[in-house]
2 protein chains.
Amino acid sequence: MSKLDALIKPQSIALIGASENPDKIGFQILNNLIEGGFGGQLYPVNPKGGEILGQKVYTSVKEIAEVPDLAVIVIPGTFVIAAAKEVAEKGIKALIVISAGFAEIDEKGAALQIELADLCRENDISLLGPNCLGFLNANDKINASFAKNMPKLGKVSLLSQSGAIISSMIDWSKSAPIGFSKIFSLGNKALLTEAELLEYLYNDPETTVIIGYIENLIVSDSLTEVLTKYSKTKPTILLFGGKSSFGAVAARSHTGSVVSSYLTIKTYLEQAGVILANNLEELLLFAQIFSSYQKIEGDRIAIVTNAGGPSIAAVDALSEIGLKLAVLSDETQSELKKVLKPEASVKNPVDILGDADETGYQAAISIVDKDPNTDGILVLLTPQSSTKISETAEVIAKFEGQKPIISSFVGGEILIGAKKIIETAEKSCFSFPEEAIDAMRGLVDFSTRKVCLGENAPATELYDTDKLDESLEKFNLPSVQYITAETLEETIAAGNKIGFPLVLKTANPNIVHKTESSAVTLNINTEAALTEAYEKTPKPVIVGKMVKGKHEIFLGVKKDAGVGTIIAFGTGGIYAEIYKDLAYRITPVTTEMAVEMIHETKMGEILSGARGQKAYELDKLAEIIVNMSKFADNYKNISEIDFNPLIADAENFYVVDARIILD
Amino acid sequence: MSKLDALIKPQSIALIGASENPDKIGFQILNNLIEGGFGGQLYPVNPKGGEILGQKVYTSVKEIAEVPDLAVIVIPGTFVIAAAKEVAEKGIKALIVISAGFAEIDEKGAALQIELADLCRENDISLLGPNCLGFLNANDKINASFAKNMPKLGKVSLLSQSGAIISSMIDWSKSAPIGFSKIFSLGNKALLTEAELLEYLYNDPETTVIIGYIENLIVSDSLTEVLTKYSKTKPTILLFGGKSSFGAVAARSHTGSVVSSYLTIKTYLEQAGVILANNLEELLLFAQIFSSYQKIEGDRIAIVTNAGGPSIAAVDALSEIGLKLAVLSDETQSELKKVLKPEASVKNPVDILGDADETGYQAAISIVDKDPNTDGILVLLTPQSSTKISETAEVIAKFEGQKPIISSFVGGEILIGAKKIIETAEKSCFSFPEEAIDAMRGLVDFSTRKVCLGENAPATELYDTDKLDESLEKFNLPSVQYITAETLEETIAAGNKIGFPLVLKTANPNIVHKTESSAVTLNINTEAALTEAYEKTPKPVIVGKMVKGKHEIFLGVKKDAGVGTIIAFGTGGIYAEIYKDLAYRITPVTTEMAVEMIHETKMGEILSGARGQKAYELDKLAEIIVNMSKFADNYKNISEIDFNPLIADAENFYVVDARIILD
């Protein structure tokens, strides 16, 4: 039995702050618990005593004879600590603090919140909130929240940092084909965070899909552990609120300016196996599809339709979203020919024509389902004059095939009953073909993407700015030789040692974007030119070999204290930030991940030999990315790194300009 | 009175091919006309005579005493010409051919279709179809189609190349807040095309919004004229079906490979003032918003909400879609402070808190509506425990402000009644904040974008491949001097005339992508090097000045026989197709359009002085784009042009490599 069971499946609940005033939350929660159908023991607590809604009111927690499983506190914030102490003394092991007035308000509130969390931690109490809407468990008929109604029962569980979104979801569940099991309002997350609740839900047999609305995710080792271990067992879909306000902090490097904290979190979650919804509508869409299906073998979709227009729209959507229109086998096509009218199209999309009835659908679906070249079926129906709407819905509802079958009945009122038939059979039916295709994309993502969030060996060494070359060499990062010099004599000596043509740049750490500040001179061919360049460069200077590159590549790193280290690869040069042709991963990066990164970018396409150019040995480049990842992870004090450019000459790759920013 | 009135507002209709078999379209259309409530005279025609559905059946059109306004033909394709001849002889001026069997089938059908069109043209008959679903006019209760039901009456008119989409739209109108006026099934468009029907609808007082589903648009001078003249008077929204199958034909140039025929059509329609919907859902969304509003002064949106989560989602959507979150004036904020609770947020989004009632909404909306810094208002409501849902809907319904007010009531069942209240007042209410924002984007696009499809002077001259330099000079296109040479002596003489460093390339027209075929040698500094380069270059050769460019720009043109000439500007070089950083316009391009094109691209951002680089004189560049447009439009026989690269050196722009492909 989980430690959280006292919170989630309580047999008895004390409500501290029960009120007889219907406008007060202390009344509403008591009412919701009763109306919701809670079958256990309720203990309303109010110093006034008496009776509310037919329930005896206790003047204090102490007065209750047994030890309730759960206490819910709804009194004003300043009185919460005192109440929580009584809860602890009583030995209650689960607490929901609805009350506001904590870290969301001011410094004083934040201090109160820490006190509350410490108190609960010391007494081994599971604390949800403070400043939350509460908790609902539809399986056990517990509405310990001030959301008016219970949701429709189902297998989706929800975590939300917005109470209003919980209210909307509950309302949607009445009409949309989504039912809920557990709903948590996270509030300020003083003690219980996403990590513990997700772990519970992954192990909860009543939950098969987890969705969440999150505004600030608390990334911790335990969250990473939970996601890595379980995220592929149950679809986990998060909508991030406030993406647009996650700006990049004042950028100190190229990498800094292309990596926002949202991008870091997004990359982390994707690697952790989480599916990100772009908006509320998509969150519901994914909740719906995963309530029906959780697995598809690939991305080749067969379409069966009774009309051309909507199937053309579906093909456009497939192409836009990156799924494939299945190529039906010759056998399938000849089977289809046998059962369909001569004018029907037996190629994908299979158009069984406007006068098709349910037997036409049945035949076509059965045949394409068996084709080894298809992974999923999209059934489209438009209500034409002779369309058998509910009969076709029955066919889909009863169909037991090998592949997921998702439908779109394109229209409004006349189709409502048919959609219900399909949904009752736990299959998904959407109003628009594009919705069905988007839902399929979610299914393909969940089924095919792997968790690739590795464990990081803790950084141990401190990076020494004077030892760049040595450090690059240690991590097999091929770099052009550089010599730092202070005086003109040293500079000329270094130049002669390296050999012309040379490049001269500043070693002054205050000059970040070198090209902009004219702090780099290229193509120096003579001692005279070197002298001239020396005069105008901020001291100390760095002398290096001029490498003639064919391609300028970007490789950068940024460490995010919360989430980890993010690495960026793509098109380099001084316009790296403008072209933003970059792929991202959280370290540690494996060779496989590095190869993927390369192929996600246009630079990768170029280096692969696009436009008749020479193809590079990309495994060499992948190795450099892997080494960059190790390099960054090795040093405690590195904050950002730019290799820009990493130059590809005729054959090889060289770090020409490395910039490292320390904490 | 329009020539099309006989088709669209007939007083009497002959149905040729009326049938007593309910499975036949000839029965269904008669039934639909009757059930739809057509008040004029019906003349079912069938050689068998008798009576169908209580109507006297005429054995032939000749037998009818009067001349009906409209004839509808539903007999098999091969008999249509004979029937159409009778229609012509009778003097009927409007004809709908439902029957299939024409150009959609085979060559023979195509010939039949031409015969039919010619017959109608000669007899001044307006012909809709063949191969269509028919026509509906909800204002006059005419259902001359085999779509089962009449749509809800409204002010949206629809053109569709898919009959099934018409059926779906009719069904949607029963539940969605969209009503229709006229619905045309276009079929094979043998005579009546989009141009004539759009012209009618633009002048139809019963239509205020025009939507369309189009698979192949017939672009003609008259379509361009109609759109240019009227498209800003009524919102015109088109969904293009089959975008993904509009591949580029075998590319003969860079421009050829980056311009698909869909891209050309899309660019044309956008410049013509048409709004393109991305999918069916968006087509309905835009129909809905434009049924409520047709004008917004700008893109600064104020949000009034009773909850944080959904308003955060709305702000994310605003940012993603490119609209602005209005910055409320100090005065507005202090007015809001007076009427709202102290905890409310008076900055945008204005959060009037979870317990807000309708008076809170009323007050907040009235105040932000008056703020000169806002152009439109988005009202968000989530159903929380004390939310006054229908009362708030009444407030919105009755609100008479200065700005468009669009709402999103976030949830399902509990909100249905409230949405109806708002919709009845001809205002829009959506289920998701993101839908409301997307709808607002459509409104902003329609209100702010100008028609910029100019009239093209017809091309007159023939381009002579030998006169490149002369032609470039004539159109003020600054180019590097080139001399064509056949022998080594000529080559060296040319080189000495131009002056080293030189570039040598082939003039052989069969070598298209020069870099790939090693047919270009750069940086030739000596006669010896020139000789060496000459030896390996396919003859004849071209000798030119080596220009050291800072930036490689792409400027290309492609002529599309149907639509016109499209011009592309952006990042050049051999990877132009990979980076696809390009802006497009249909010629003629004005200076203003050229400046817009520059600023739409990343190359434009770079040339504007990004990353601390020098800013170029962009009006010089805009002039080159305008001249390129004139150049392309001047010559009849030019098919494609690549200027790649157009080089920007320290100060100026030069055409370094021009490739012209003739028809």
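## Salt bridges and cores: worked exercises

**Exercise 1.** Find the salt-bridge partner of D657(A), then work out where the two residues sit.

*Solution.* Start with the bridge: D657(A) pairs with K505(A), and their closest N and O atoms are 3.2 Å apart. Next, place both ends. D657(A) lies in the loop between strand 29 (653-655) and strand 30 (658-662) of chain A, while K505(A) is in strand 22 (residues 502-506), so the bridge ties together parts 152 residues apart in sequence. Last, check burial: D657(A) and K505(A) are both buried. Keep in mind that this is a predicted model.

**Exercise 2.** Take the salt bridge between E282(A) and R441(A) and decide whether each residue is buried or exposed.

*Solution.* First, the distance: the closest N and O atoms of E282(A) and R441(A) are 3.2 Å apart. Then the location: E282(A) belongs to helix 10 (residues 280-292) and R441(A) to helix 16 (residues 433-448), both of chain A, with the two positions 159 residues apart. Now apply the cut-off, which is under 20% relative accessible area for buried. E282(A) has 6%, so it counts as buried. R441(A) comes in at 19%, so it is buried too.

**Exercise 3.** Do the same for K9(A) and D140(A), and say which network they belong to.

*Solution.* K9(A) and D140(A) form a salt bridge whose closest N and O atoms are 2.9 Å apart. Both ends are in loops of chain A: K9(A) between helix 1 (5-8) and strand 1 (12-16), D140(A) between strand 8 (134-137) and strand 9 (142-145), 131 residues apart. On to accessibility: K9(A) is partly exposed at 26%, and D140(A) is partly exposed at 31%. Finally, widen the view: K9(A) and D140(A) are linked with K182(A), D204(A) and E206(A) in a network of salt bridges. Over all chains, the whole structure has 46 salt bridges.

**Exercise 4.** Which residues touch the most other members of the largest nonpolar core?

*Solution.* A bit of background: nonpolar side chains tend to be buried together in soluble globular proteins. Here the largest core has 148 residues, and the ones touching the most other members are V72(A), I96(A), M169(A), I211(A), Y268(A), L269(A) and F409(A). Helix 10 of chain A gives this core its largest share, eight residues. Now zoom in on V72(A): beyond its neighbours within four places in sequence, its contacts include I13(A), L15(A), I29(A), I96(A), I98(A) and A144(A). To finish, look for another core: a second, separate one of 147 residues includes V410(A) and F432(A) along with V226(B) and F286(B).

Terms used. Residues are numbered from 1 along each chain as its sequence is written. Chains are lettered from A and ligands numbered from 1 in the order in which they are written. This is a predicted model: local features need pLDDT of at least 70, side-chain atom pairs count only at pLDDT 80 or more; totals for chains, interfaces and linings use all residues. Side-chain values use heavy atoms; hydrogens and water are left out. A salt bridge is a side-chain nitrogen of Lys or Arg within 4 Å of a carboxyl oxygen of Asp or Glu. Helices (H or I, at least four residues) and strands (E, at least two) are DSSP runs, numbered from the N terminus. Buried means under 20% relative accessible area, exposed over 50%, partly exposed in between (1.4 Å probe, protein chains only). A nonpolar core is a set of buried Ala, Val, Leu, Ile, Met, Phe, Trp, Tyr and Cys residues joined through side-chain atoms within 4.5 Å. Contact means heavy atoms within 4.5 Å.
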